[in-house]
Amino acid sequence: MRPRKIPQRKCVACQEMMPKKELIRIVRSPQGDIQIDLTGKKPGRGAYLCGKVSCFKLAKKSKAFERALKAPVAPEIYDRLEQDFIKVEDEFQAAKAMAGDDDDDGK
Ligand SMILES: [Zn+2]
């Protein structure tokens, strides 16, 4: 009965549900290393964030990562993630624009 659904995940900052591929995954590996996972396939506990720096900042402020990853996140980890996030966000938006099939909202 139901149409096949695209897997959706919630941004930990703004709580918006989005197709998984439009979110950036932050993963805490079994070794405890926290990093951005662009493949979405790395093992570990993940937190999803829509590709907005504002959401990253909100997640940092509200400690949403700590909650989602169930681990404390050190300030230097945040700094590193933020740098990476800004870089990734550029590529991410570019990749999305290049795919160009369903990018006409918000215009
Ligand atoms: Zn968000």
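This passage describes the zinc site and the antiparallel sheet of a predicted model. Local features were taken at pLDDT of at least 70 and side-chain atom pairs only at pLDDT 80 or more, whereas totals for chains, interfaces and linings use all residues. Residues are numbered from 1 along each chain as its sequence is written, and side-chain values use heavy atoms, without hydrogens and water.

The zinc ion has as its protein donors (N, O and S atoms within 2.8 Å of the metal, or 3.2 Å for Na, K and Ca) the SG atoms of C11, C14, C50 and C55, at 2.2 to 2.3 Å. The angles among the four donor atoms run from 102 to 116°, and the site is tetrahedral (four donors, all angles between 85 and 135 degrees). In sequence, the donor residues follow the spacing C-x2-C-x35-C-x4-C. C11 counts as buried because its relative accessibility is 1%, while C14, at 29%, counts as partly exposed (buried is under 20% relative accessible area, exposed over 50%, and partly exposed in between, with a 1.4 Å probe and protein chains only).

The open sheet has three strands in the order β4-β3-β5, with antiparallel pairing (strands are DSSP E runs of at least two residues, and two of them pair if DSSP finds at least two bridges between them). Its edge strands are β4 and β5 (45-50), each pairing on one side only. Strand β3 (residues 23-28) pairs with β4 (residues 34-37) over four bridges, with I26 opposite I36, and in their hairpin, which has five residues between the strands, G32 takes a positive phi near 90°. β3 and β5 pair over six bridges, and R28 stands opposite R45 in β5.

Definitions and conventions
Tetrahedral: all angles 85-135°; square planar, octahedral: opposite > 155°, others 65-115°.
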